[in-house]
Amino acid sequence: MPNFTKSYAAQSASQPLTAFQAKRRDVLDTDVQINLQYCGVCHSDIHQARNEWHNTTYPCVPGHEMIGTVSKIGKKVKRFKVGDIAGVGCLADSCGKCPSCKENLEQHCEKGATFTYNSQEKHIGGVTFGGYSQSIVITEDFVLKVPKNLDRAAAAPLLCAGITTYSPLRRWKVGKGQKVGIVGLGGLGHMGVKFANAFGAHVVMFTTSPNKKKDAKKLGAHEVVISTNEKDMAKHAGSFDFILDTVSANHDINVYLALLKRSGTMTLVGAPEKPLAISSFNLIMQRRHLAGSLIGGLKETQEMLDFCGKHNIVCEIEKIPIQKINEAYERVLKSDVKYRFVIDLASLSK
Ligand code: NAP
Ligand code: ZN
Ligand code: ZN
């Protein structure tokens, strides 16, 4: 039996988000129902609400950085009880059997992972709906434990911005003695700085916004470079072990490739709509690597949350009521966010 929950949805690529009743499946034996309290606003929500990745099904309820309280559990649920704090990120389900799933890389499930929104809802048909919503029903294995000492609203964006930056920094073994660049100081970028600093690297922030310089230092950057200043960029040529690019729009990545050492790596997590141009010589001459990374699997997401609990790491946020969501999207597009909007979902009942 499906039920309905108050949400906000985009009805088409060109319309603002408006109130919507989202259909959820009833709680199955292995499901957890969560009363959602907070949901972060990721730039991916904007890309998808506006069909910039050309795969959106409407109505689309975005949101994949959710935290709330467990309100109901299925008969076979073992890890959660009613009243527990729970988090949900981008992943809602996967096959559990393929090599990627077996390696705890559910985001790369070879049968196609089910994402929390804009994926096929296998149980009741239609699409999955995300976290701009009062409640959600998710299979237990895809629900995360959120450390109690973390502020819930400030922890919500860890579920995407956190894991998306934590995972590539871990995979490329960023740590002491390394010079690491983070490109773009937005939701992802500010967490990239915090993690790279926590892992012991020398962190350089690249930003196009001179007014973010002070904040970048407070967040943990040892140096800040205004990326539009060619002279300042040239000073860092050939010196980086690793660069993480979080930019959401088209930009020249060759200027960053040139800053890598011989055999250095640059990983893209930003997902602009249009393809990026690459000069092969920037890679060939110093045998540099260009890589990509997609969120992180459940095991690593839990590891990241536990790491944040232990080191008291949360996101810098601005809380908004859902009624301000369209305004918030416009501000994100102008790089005017410090550094993640988080929706207080209690506003849905107003
Ligand atoms: P965001 O908060 O909007 O941050 C993006 C930052 O990029 C901006 O704050 C700005 O930083 C910089 N920027 C924006 N436009 C630019 C331009 N034209 N040229 C140069 N720099 C520009 O976005 P986000 O939520 O962090 O997401 C960033 C990107 O990652 C999005 O494309 C999103 O879809 C993608 N994403 C990917 C994954 C994944 O798994 N791979 C997961 C989540 C999100 P400055 O002001 O400092 O220059
Ligand atoms: Zn996201
Ligand atoms: Zn799989």
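Let us start at the zinc ion (ligand 2), whose protein donors are C42 through its SG atom, H64 through NE2 and C160 through SG, at distances of 2.0 to 2.2 Å. Keep in mind as you look around that this is a predicted model. Along the sequence, the donor residues of the zinc ion follow the spacing C-x21-H-x95-C. Take C42 and H64 as a pair: C42 sits in the loop between β3 (31-40) and α1, while H64 sits in the loop between α1 and β4 (66-73). The two are 22 residues apart, and the pair links distant parts of the chain. Are C42 and H64 buried or exposed? Both of them are buried.

From the metal, let us move to the other bound molecule, ligand 1. There are 30 residues around ligand 1, and those that come nearest are T207, T208, S209, K212 and R340. Sorted by class, this shell holds 16 polar residues, 12 nonpolar ones and two charged ones. The backbone takes part as well. A polar backbone atom of I295 is 2.7 Å from an oxygen atom of ligand 1, and a polar backbone atom of G187 lies 2.9 Å from an oxygen atom of ligand 1. For V269, a polar backbone atom is 3.0 Å from a nitrogen atom of ligand 1.

How much of ligand 1 does the protein cover? On its own, ligand 1 has 920 Å² of accessible area, and the protein covers 89% of that. Two elements give two or more residues to the shell around ligand 1, namely α1 (43-49) and α5 (187-198). Of the elements, α1 gives the most, with three residues. You have met α1 already, since the loops holding C42 and H64 lie on either side of it.

Helix α5 leads us on to the aromatic side chains. The structure holds nine aromatic pairs. In one of them, the ring centres of Y166 and F195 are 5.3 Å apart and the ring planes stand at 80 degrees; an angle over 60 degrees counts as edge-to-face, so this pair is edge-to-face. Y166 belongs to helix α4 (residues 161-171) and F195 to helix α5, so the pair ties together parts that are 29 residues apart in sequence. Y166 has a relative accessibility of 1% and therefore counts as buried. F195, at 0% relative accessibility, counts as buried too.

A further pair is made by F199 and F307. Their ring centres lie 5.4 Å apart with the planes at 75 degrees, so this pair is edge-to-face as well. F199 is found in the loop between α5 and β11 (202-207), and F307 in helix α10 (residues 298-311). With their positions 108 residues apart in the numbering, the two link distant parts of the chain. Both F199 and F307 are buried. How do these rings fit together? Y166, F195, F199 and F307 form one aromatic cluster.

Our last stop is S347, in the segment that comes after β17 (340-344). The relative accessible area of S347 is 2%; buried means under 20%, so S347 is buried. What does the side chain of S347 reach? It reaches the backbone oxygen of D344, at 2.6 Å. D344 is part of β17, and R340, one of the residues that come nearest to ligand 1, also belongs to that strand.

Note on methods
Residues numbered from 1 in each chain as written. Chains lettered and ligands numbered in written order. Predicted model: local features only at pLDDT ≥ 70, side-chain atom pairs only at ≥ 80, totals over all residues. Heavy atoms only, no water. Near = heavy atom within 4 Å. Polar contact = N/O pair within 3.5 Å; in protein donor to acceptor, adjacent residues only side chain to side chain. Areas by Shrake-Rupley, 256 points an atom, 1.4 Å probe, with all protein chains shown as cover. Helix = DSSP H or I, 4+ residues; strand = E, 2+ residues; numbered from the N terminus. Nonpolar A, V, L, I, M, F, W, Y, C, P; charged D, E, K, R; others polar. Donors = N, O, S within 2.8 Å, 3.2 Å for Na, K, Ca; no water. Buried < 20%, exposed > 50% of the residue type's maximum accessible area, 1.4 Å probe, protein only. Phe/Tyr/Trp six-rings, centres within 6.5 Å; stacked < 30°, edge-to-face > 60°.
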